[in-house]
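Thank you all for coming. I would like to take a few minutes on one structure, and I will ask you to keep it on the screen while I talk.

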Amino acid sequence: MARTATVERNTLETQIKVSVNLDGTGQFTCETGVPFLDHMLDQVARHGLIDLDIHAQGDLHIDAHHTVEDLGITLGMAVAEAVGDKKGMTRYGHAYVPLDEALSRVVLDFSGRPGLINKVKYTRGRIGSFDVDLFDEFFHGFVNHAKVTLHLDNIRGKNAHHQAETVFKAFGRALRMALAADPRMAGMMPSTKGSL
């Protein structure tokens with residue numbers, strides 16, 4: 001059964017459409033008006049082997065806050081829909097990713113319970129024109145709607161671009177691991193509760 005979904009979310013601040021294929025090849029199309037976020041989402045698609053097609057229009061004349069937060073929300077909604085009943089999936093994922101001097105770790109659980117622990121302290125407040133505070137808004141939106149528990153840690157790093165890129169690459173890799181089919185769990189729910 002194909003694990004795909006398309007979700008549209010329209011508010012007075014943003015109009016967003018996200019399509020995902022959780023069993024893809026890393027194909028990526030994105031137009032958000034927030035170039036650095038596009039670059040980060042490309043890492044998720046490529047390293048997660050998730051096909052992503054994202055289109056967003058937002059009130060960027062104010063700032064990128066609503067667009068970034070609502071992209072996290074809409075992506076989370078799409079992933080939750082595509083993942084289905086979770087039977088037979090690995091459920092947990094983790095990854096360490098280095099980039100030059102930077103090293104990040106991401107651990108996640110498709111627990112059905114949203115939770116974010118974000119321990120990334122960027123060495124500067126902006127990467128180009130992108131406000132790094134908005135990463136927290138993005139990931140909060142994602143976990144609340146994908147219903148995952150997510151731990152983000154930057155273990156070391158001096159270059160903020162490298163810090164962010166290692167986080168998003170590790171996020172993609174952790175998603176890939178968690179979403180993978182576990183042949184020993186075929187048809188079974190990966191929980192003693194019987195549901196997630």
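I will go through helix packing, then aromatic rings, then some residues in loops and at a strand end.

Before anything else, please keep in mind that this is a predicted model, and that the values I quote are computed from it.

Let me begin with helix H2, which covers residues 65-83, and helix H3, which covers residues 133-146; the two pack with their axes 7 Å apart and at an angle of about 25°. Since angles under 35 degrees count as roughly parallel, that angle makes H2 roughly parallel to H3. As for handedness, the crossing of H2 and H3 is right-handed. If you would like to select the contact on your own screens, the H2 side consists of His65, Val68, Glu69, Leu71, Gly72, Ile73, Leu75, Gly76, Met77, Val79 and Ala80, and these meet Leu134, Glu137, Phe138, Gly141, Phe142, His145 and Ala146 on the H3 side. Sorted by class, this contact between H2 and H3 holds 11 nonpolar residues, five polar ones and two charged ones.

The second pairing of helices joins helix H1, residues 35-48, to H4, where the axes come within 7 Å and cross at roughly 35°. Here too the crossing, that of H1 and H4, is right-handed. From H1 the contact draws on Phe36, His39, Met40, Gln43, Val44, His47 and Gly48, while H4 brings His161, Ala164, Glu165, Phe168, Lys169, Phe171, Gly172, Arg173, Leu175 and Arg176. The class count for H1 with H4 is seven nonpolar, six polar and four charged residues.

That brings me to the aromatic side chains. How many aromatic pairs does a search of the whole structure find? The search returns 10 of them, and I will describe two that share a ring. In one, the ring centres of Phe135 and Phe168 lie 5.3 Å apart with the planes at 55°, and the pair is therefore classed as tilted. This pair links distant parts of the chain, with Phe135 in helix H3 and Phe168 in helix H4, residues 160-179, so that 33 residues separate the two. Phe135 has a relative accessibility of 1% and counts as buried, and Phe168, at 0%, counts as buried as well.

In the other pair, Phe168 meets Phe139, again in a tilted arrangement, with 5.0 Å from centre to centre and 35° between the planes. It too links distant parts of the chain, Phe139 belonging to helix H3 and Phe168 to helix H4, 29 residues apart. Phe139 is buried, at 1% relative accessibility. Stepping back from the individual pairs, one aromatic cluster is formed by Phe36, Tyr122, Phe130, Phe135, Phe138, Phe139, Phe142, Phe168 and Phe171.

Next, I would like to turn to the neighbourhood of Glu101 and Ala102. His162, which lies in helix H4, touches Leu99, Asp100, Glu101 and Ala102, leaving aside residues up to four places away in sequence. Is His162 buried or exposed? With a relative accessible area of 17%, His162 is buried, because the cut-off for that class is under 20%. Arg156 is placed in strand S10, residues 149-156, and, with the same kind of exclusion of residues up to four places away, touches Glu101, Ala102 and Leu103. The C-alpha atoms of Arg156 and Glu101 are 7.1 Å apart, although the two residues are separated by 55 residues along the chain. Arg156 counts as partly exposed, with 47% relative accessibility.

Finally, a word on backbone angles. Most residues other than glycine have a negative phi, which is the background for two cases in this model. Asp100, in the loop between strand S5 (92-99) and strand S6 (102-109), has a positive phi near 50° without being a glycine. Asp100 is also exposed, its relative accessible area being 63%. Lys147 sits in the loop between H3 and S10 and has a positive phi of about 60°, although it is not a glycine either. At 44% relative accessibility, Lys147 counts as partly exposed.

That is where I will stop, and I am glad to take questions.

How values were computed
Residues numbered from 1 in each chain as written. Predicted model: local features only at pLDDT ≥ 70, side-chain atom pairs only at ≥ 80, totals over all residues. Heavy atoms only, no water. Axes fitted to C-alpha atoms, helices over the stretch in contact; angles between N-to-C directions. Helix = DSSP H or I, 4+ residues; strand = E, 2+ residues; numbered from the N terminus. Parallel < 35°, antiparallel > 145°, perpendicular 65-115°, else oblique. Left-handed = near helix turned anticlockwise from the far one by under 90°. Contact = heavy atoms within 4.5 Å. Nonpolar A, V, L, I, M, F, W, Y, C, P; charged D, E, K, R; others polar. Phe/Tyr/Trp six-rings, centres within 6.5 Å; stacked < 30°, edge-to-face > 60°. Buried < 20%, exposed > 50% of the residue type's maximum accessible area, 1.4 Å probe, protein only.
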